[in-house]
Amino acid sequence: MIKSLLFILTTSAAFLLASAAPLQERDAASFVRADGAKFTLGGSDFYFAGTNALTDVRLTTIFIIDYLMTNSQSDVQSLIAQCSSLKLPVIRTWLFNLGDDSVWFQQWNSNNKTMEINDDSSTGLGRIDYIIQQASKSNVKLIFTLTNNWQDYGGMDYYVKNMGGIYHDDFYTNADIKAAYKAYIEHVLSRVNTLTNIAYKDDPTIFGWELANEPRCAGSGSVPSSSNCNPKVTTAWVDEMSAYIKSIDSNHLVAVGDEGFFNDPSNSDYYYNGGAGIDFDANLALSGIDFGTAHLYPETWKVSTSTWAVQWINDHANASTAAKKPVILEEYGLSTDAERTSLYPTWQAAMEKSALAGDNFWQIEHSPRRNTGAGTYCLFNCSHKCDVNQCFCKNIRTCPY
């Protein structure tokens, strides 16, 4: 899997090969591709250990969680450069923000009953232009997630509440809601970066698109799920939306962005029996899905941090082999330094031995770690990849320097 020394060598070689080719070839070679159960870049295998990205703003004693899309340019530049220096070549981050915050990408206009899209450079999608530009400068690839199952930054329930829906899963079935989401997809993919003059759909800085962060039948807000939602409903939505992205953008990889829940009704384990309304294997088999994703939070899920977690990794590696598509552990976290010191080496050893194609830990941030909310899992201001006792930037493999 992700070999300790090969991680650095293959990542560096891939970028060097891509930059050395003639212009036309370089453009094609600079996109990440899926080749069986692994990724390639510039004609070389591309195994990676990356991160999710968070920055914070502190107002007196209160921390406001900010992702790259809402933070200052100086913090964005600093965090991306930090990831580059730590040999974290892939960052997963959000490309959704709905509502009436000072920064918003979509907003419901109650007068004309439509979803408006904000392209403003300071309050809208123009902020993403800078993120992409800085990532390109630092040779970092970006995985963009296009909406949220949870109510943070509006999410699916924002569509449902404003567009006549009743249930959380109306997001997957309501024709008007799906049309509004597709309009956003088309707008984002076709947007031309004002700083680079490259359309998002043509920019190799972007690793790929994810349909949603952790889609399930149920959300986190006051909007309930219906009794009609099941894995077939969500898989049909994944099929439709992934095909729609492919109709616009043939350059980039597409994933669901789900937690990797299986659908075996005979299994008593909630994360394996389809109870969340997701079928990992069925989604991975779709023609519009290029790679699979899994998350791992044993404390929150109340499962074993050792035996169960390793089996979870192995089961997704087996699914990757069977589907002949890459699978990454794109979110994983433990809440204390002691747990990370004890268990991350075990998890990462399992990833090394398996067929997983990469991982993104949750998550690096620009400001000091807090003890609540997302910050419980956050790592900050890391100066060295091997400095696991101080910041756990990446307790990864056998660090070669």
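This report looks at three short paired strands and two helix pairs in a predicted model.

## Strands S1 and S2

Strand S1 covers residues 33-35, and strand S2 covers residues 38-41. The two run antiparallel. Three bridges join them. One pairing to find in the structure is arginine 33, whose bridge partner in S2 is threonine 40.

S1 and S2 form a hairpin. Two residues lie between the strands. Glycine 36 sits in this turn and has a positive phi of about 60°.

## Strands S2 and S3

S2 also pairs with strand S3, residues 44-45. This pairing is antiparallel and has two bridges. Threonine 40 appears again here, standing opposite aspartate 45 in S3. Threonine 40 is thus a residue to follow in both pairings: it partners arginine 33 and stands opposite aspartate 45.

S2 and S3 form a hairpin as well, with two residues between them. The turn holds glycine 42. Its phi is positive, at about 65°.

## Helices H7 and H8

Two packed helices are described by the angle between their axes and the distance between the axes. Start with helix H7, residues 175-190, and helix H8, residues 231-248. They pack at an angle of about 30°. Their axes are 10 Å apart. An angle under 35 degrees counts as roughly parallel, so H7 and H8 are roughly parallel to each other. Their crossing is right-handed.

Which residues make the contact? From H7 come Lys178, Tyr181, Lys182, Ile185, Glu186, Leu189 and Ser190. From H8 come Trp237, Glu240, Met241, Tyr244, Ile245 and Ile248. By class, the contact of H7 with H8 has eight nonpolar residues, one polar and four charged.

## Helices H11 and H12

Helix H11 spans residues 307-323, and helix H12 spans residues 337-353. Their axes come within 9 Å. They cross at roughly 20°. That angle makes H11 roughly parallel to H12. The crossing of H11 and H12 is right-handed.

On the H11 side, the contact involves Ala309, Val310, Ile313 and Asn314. On the H12 side, Thr346, Trp347, Ala350 and Met351 meet them. How many of the residues in the contact of H11 with H12 are charged? There are no charged residues. Six are nonpolar and two are polar.

How values were computed:
Residues numbered from 1 in each chain as written. Predicted model: local features only at pLDDT ≥ 70, side-chain atom pairs only at ≥ 80, totals over all residues. Heavy atoms only, no water. Axes fitted to C-alpha atoms, helices over the stretch in contact; angles between N-to-C directions. Helix = DSSP H or I, 4+ residues; strand = E, 2+ residues; numbered from the N terminus. Parallel < 35°, antiparallel > 145°, perpendicular 65-115°, else oblique. Left-handed = near helix turned anticlockwise from the far one by under 90°. Contact = heavy atoms within 4.5 Å. Nonpolar A, V, L, I, M, F, W, Y, C, P; charged D, E, K, R; others polar. Pairing = 2+ DSSP bridges.
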